[in-house]
Amino acid sequence: MDKTNENFSFKKYAWNQFKKNKIALISLYLLLFLVIIALFAPYLANDRPLYCEYEGNTMYPAFADETRKDSIFDKNGEFVQVLQYDITDWRQLNLSKVIWAPIPYSPNSMDRYNRDYAAPGGKQRYKSPSGEILDIPNRFRHKLGTDGIGRDLASGLIHGTKISLMVGLVSMGIAALIGIILGALAGFFGDNKLKMTRIKYYLTIIGVVLGIFYGFGFRKYEISNGFNDGFNSGMWEILISFVLFLIIIILLRLISRIFGISSFNKEIFVPIDTFVSRGIELLNSIPRLILIITISAVVEPSIWIVMVIIGVTGWTRIARFTRAEFLRIRSLEYVQAAQSLGFSSIRTIFKHALPNALAPVFVSIAFGIASAILIESGLSFLGIGVPDDIVTWGNLLNLGRQNLEAWWLILYPGLAIFFTITIYNMIAEASRDALDPKLKS
Amino acid sequence: MLKYVIKRILTFIPMIIAISLIAFIISINAPGDPVERLTKSAGSEGTADEQSGASKKEKQEIRKKLGLDLPIFYINISNLSVSDTLYKIQDRSHKDNIKKLVHKCGNWNVVSEYYKSILTFERKSKKLIAEEILIQMYPEIDSNQNRKKLLNDINETINQIGFEVGSLCETSESNLIDLKLNKIQSFIDSNSYLTHLKTDFEKTKKLRGDLISEATKWKTYIPTILWYGTKNQYHLWLFGNGKDRKGVIRGDFGISYIDSQPISSKIWDKIGISFGLSIISILLAYLVSIPIGIYSAYKKDSKTDRITSLVLFILYSMPSFFVGTVLLLQFANPDNLSWFPVSGIQDPTIFDPEWGFFKKLSHRIPYLILPIITYTYGSFAFLSRIMRIGMIDIVSQDYIRTARAKGLGEKKVILKHALRNSLLPIITVFAAIFPMAIGGSIIIEMIFSIPGMGLEIFTSILNKDYPMIVTVFTLSGFLTMLGYLIADILYAVVDPRISYK
């Protein structure tokens with residue numbers, strides 16, 4: 001009996017509770033399955049073969065770089081042709097040995113013999129290497145049909161999985177980062193716990209203004225040039241700006257230590273809880289879809305920007321939960337013990353209090369991922385914010401809406417979205433029940 | 001209580017200001033030049049050159065009307081090198097370019113002189129007329145073919161110079177500027193009829209040198225605050241100027257880029273349909289979800305409860321755009337079942353505005369069934385879940401136990417004691433009905449082509465009609481806040497337990 005108590009850990013208890021919920025456990029396995037599909041998407045659906053032998057050369061085209069170019073020589077050392085991997089139609093080559101990907105089509109490759117919505121079970125055509133147009137062999141059949149320009153739906157779904165999961169992960173990653181930090185600060189310090197000398201307080205405010213001026217105002221051309229060069233260099237410039245912003249604030253806070261005049265050194269409270277709570281209230285009072293649509297109407301369409309917007313607008317729920325947990329935790333003995341030992345507030349917050357506040361946050365992140373995926377697919381369905389050349393579940397469904405005869409374009413992407421959202425919601429519900437038995441309903 | 005209401009209203013005001021600021025920032029940062037959009041929508045035709053001459057005055061007027069000749073905000077944090085008159089430059093791309101040049105060089109005087117000299121040069125080079133030059137230069141020429149060829153050459157040169165000078169106003173990278181200047185230089189050197197431009201060109205070139213030699217880069221490092229007073233774009237947008245602009249607070253949201261119609265009247269035309277739809281569907285959702293919620297809370301953990309919970313959960317996870325499209329596919333599709341019309345809210349060929357209310361309604365009902373189902377099921381699942389959880393929470397309270405202990409029947413306990421209090425959380429949801437009328441139905445109205453606000457927003461996003469988008473944003477933010485305010489006050493009135501410290 002004693003031994004079990006010693007080994008009792010909350011994580012184990014929660015996991016055991018979670019495991020009891022069969023539906024949730026199945027959902028977790030399904031999620032794992034989706035992750036595997038997303039990770040191996042390029043090898044599951046690709047119009048380049050996984051392995052092939054052509055004129056005596058062994059090649060692994062699906063694993064090679066897309067833009068690779070090879071000069072092919074036959075056995076006698078005579079030049080045959082140049083193969084550029086991404087534009088070669090591999091099906092038309094006389095391959096002596098070949099292993100195709102399970103779905104032998106890329107999401108964006110257009111099969112011009114099966115344009116105009118080829119139905120899954122209907123007649124599909126195929127051009128053999130010898131140049132005849134035949135009924136399609138089973139290996140190359142579009143198992144879930146095609147869209148109006150001959151793109152394979154199954155391949156689109158597989159590659160769409162990657163985008164869907166990424167949207168959930170990236171946007172909720174951003175939201176969690178903002179929400180946890182702000183919520184923790186607001187909950188831990190409240191309105192009357194964070195003391196600062198007056199001079200430090202005002203210099204910090206000036207530091208924020210100056211930090212924005214030098215970090216973002218002064219460097220705005222560098223940032224916009226960076227984004228013109230590409231997304232990565234743009235993000236890099238933003239990172240530099242952000243570091244500059246932080247350095248300036250820290251510098252001014254250091255300067256504030258020099259001042260020794262007593263009237264400046266009077267301590268005042270920083271109403272950090274009020275700031276955060278007002279921010280949450282403000283963001284909550286703007287309908288989220290409208291906010292996201294408005295912003296994405298103004299900026300260039302890009303899937304990354306959509307993720308960032310969903311993240312930046314989605315942190316309020318997480319912040320609210322974190323704040324509530326911290327309000328409770330900050331008066332507990334172990335936090336007070338940590339403080340009386342002289343640990344810094346930062347250390348107390350992030351090392352001692354935060355791990356114990358994460359349970360409800362985890363639940364709201366899981367719900368948040370579901371709603372992020374829902375919003376992203378809604379946006380792609382409307383064709384707002386997400387560029388057309390990226391195949392997502394949402395814009396596949398939109399293609400189906402435009403041509404109701406192509407029921408497969410409605411049914412399969414819709415079910416994919418629905419299942420993913422349900423999986424996340426199920427996991428979130430079950431983990432809520434497991435992590436916080438009080439909330440169980 | 002009164003104190004709480006007053007305090008709540010007072011926090012409402014800064015929120016509204018914040019919303020208006022966000023909306024304004026978005027509208028300022030919208031890409032493209034509003035004047036260009038409005039003149040285009042007015043439908044002016046002709047070659048580019050004719051247009052620039054003819055509609056210059058018109059553009060000026062639109063610019064003035066939109067207040068684009070004013071500074072953006074009350075104050076502007078900028079740096080020492082920027083003049084407080086920068087906003088007066090009209091062309092947006094020129095303005096951006098000058099900003100870049102000032103950022104690079106830091107000396108406002110030199111940059112403005114340089115810009116002015118380019119403008120003078122441009123004006124003079126535009127006065128060149130090929131025919132006159134031809135007569136002056138080659139008075140003796142008579143062969144028609146030669147004449148044509150020379151005329152072509154001269155025209156070509158003039159056009160090239162015009163192009164280079166024009167693009168000079170939009171170039172900030174120093175090697176590109178040098179390239180363009182060299183090109184113009186070579187034109188002037190090789191064509192004798194351009195000699196009178198030489199002095200102006202030399203001046204531009206000298207100022208170009210000054211951009212580098214007299215650069216005061218240090219000035220760009222020093223922040224300054226400029227104060228413009230109430231004559232600024234935000235103030236005009238919000239409060240109007242008392243004449244032609246009435247301002248957002250009096251319901252003037254500007255004019256649409258698409259058809260130059262006032263946005264407020266466009267919204268007024270469309271909002272009725274969306275509002276009606278959302279009222280009907282919300283009421284239906286309440287009618288269904290309250291009994292379901294009560295029942296499954298009453299029979300908690302029974303088989304029926306589990307099944308309804310699962311079904312509600314699945315409905316809740318179902319994206320509305322999927323449901324809407326599937327309904328269309330299944331019930332408004334000649335291949336499957338053609339029970340309902342595909343789109344719209346009425347048949348324009350037989351619809352008669354003279355009809356009475358009921359006749360109109362009965363005509364429209366088949367059009368509304370699918371959208372209302374799509375509209376309702378999501379909120380119905382959501383409401384039922386809230387209702388069930390709230391009810392379970394209430395049932396475990398002490399006073400319910402007391403009611404049971406004193407021997408009341410289960411029916412009476414639930415319907416009389418528990419129900420009233422479990423309805424409270426649902427008040428909040430009702431507050432969401434107004435903003436839903438403005439924007440919540442974008443996807444549904446797009447699927448079913450219902451000519452309401454949602455479809456209007458959708459088309460305005462496709463056409464990049466920013467005034468409309470920003471207006472919808474402002475209005476829905478305002479209405480949501482108003483809804484929350486009303487809900488909070490109602491709460492305080494209905495439920496005295498809530499403490500408001």
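Here are some notes on the predicted model above, point by point.

1. Let's start with the layout of chain A, which is split into four domains. Domain 1 is assembled from three stretches, 13–45, 152–193 and 272–441. Domain 2 covers 47–100, domain 3 covers 110–150 and domain 4 covers 195–269.

2. How do domain 1 and domain 3 of chain A sit relative to one another? Their centres, taken over C-alpha atoms, are separated by 39 Å. There is contact between them all the same, with 10 residues of domain 1 meeting 11 residues of domain 3. On the domain 1 side, the elements contributing two or more residues are α5 (153–189) and α16 (407–435) of chain A. The top contributor is α16(A), with 3 residues. By character, this side of domain 1 has 7 nonpolar residues, 1 polar and 2 charged.

3. Next, a hairpin you may like to look at in chain A. Strand β3 (residues 69–73) and strand β4 (residues 79–84) run antiparallel and are joined by 5 bridges. Phe73(A) faces Phe79(A) of β4(A) across the pair. Between the two strands lie 5 residues, and in that turn Gly77(A) adopts a positive phi of about 85°.

4. Ile375(A) is worth a click too. This residue belongs to helix α14 (residues 345–382) of chain A. Is Ile375(A) buried or exposed? Ile375(A) counts as buried because 24 other C-beta atoms lie within 10 Å, and the threshold for that label is 20 or more. Leaving aside residues up to four places away in sequence, Ile375(A) touches Leu289(A), Ile292(A) and Ile310(A). The C-alpha atom of Val306(A), 69 residues away along the chain, is 9.5 Å from that of Ile375(A).

5. Over in chain B, have a look at helix α15 (residues 357–395). For its 39 residues, a straight helix at 1.5 Å a residue would reach 57 Å, yet the end C-alpha atoms of α15(B) are only 45 Å apart. Where does α15(B) bend? There is a bend of about 50° at Ile365(B), and Pro366(B) follows within four residues.

6. Finally, the contact between the two chains. Here 44 residues of chain B meet 35 residues of chain A. Within chain B, helix α22 (residues 466–494) gives the most to this side, supplying 8 residues. The chain B side breaks down into 31 nonpolar, 10 polar and 3 charged residues.

Terms used: Residues numbered from 1 in each chain as written. Chains lettered and ligands numbered in written order. Predicted model: local features only at pLDDT ≥ 70, side-chain atom pairs only at ≥ 80, totals over all residues. Pairing = 2+ DSSP bridges. Expected span 1.5 Å × (residues − 1). Bend = angle between axes of the 7 residues up to and from the residue. Contact = placed C-beta atoms within 7 Å. Nonpolar A, V, L, I, M, F, W, Y, C, P; charged D, E, K, R; others polar. Domains from an automatic or database assignment. Buried ≥ 20, exposed ≤ 12 C-beta atoms within 10 Å, placed from the backbone.
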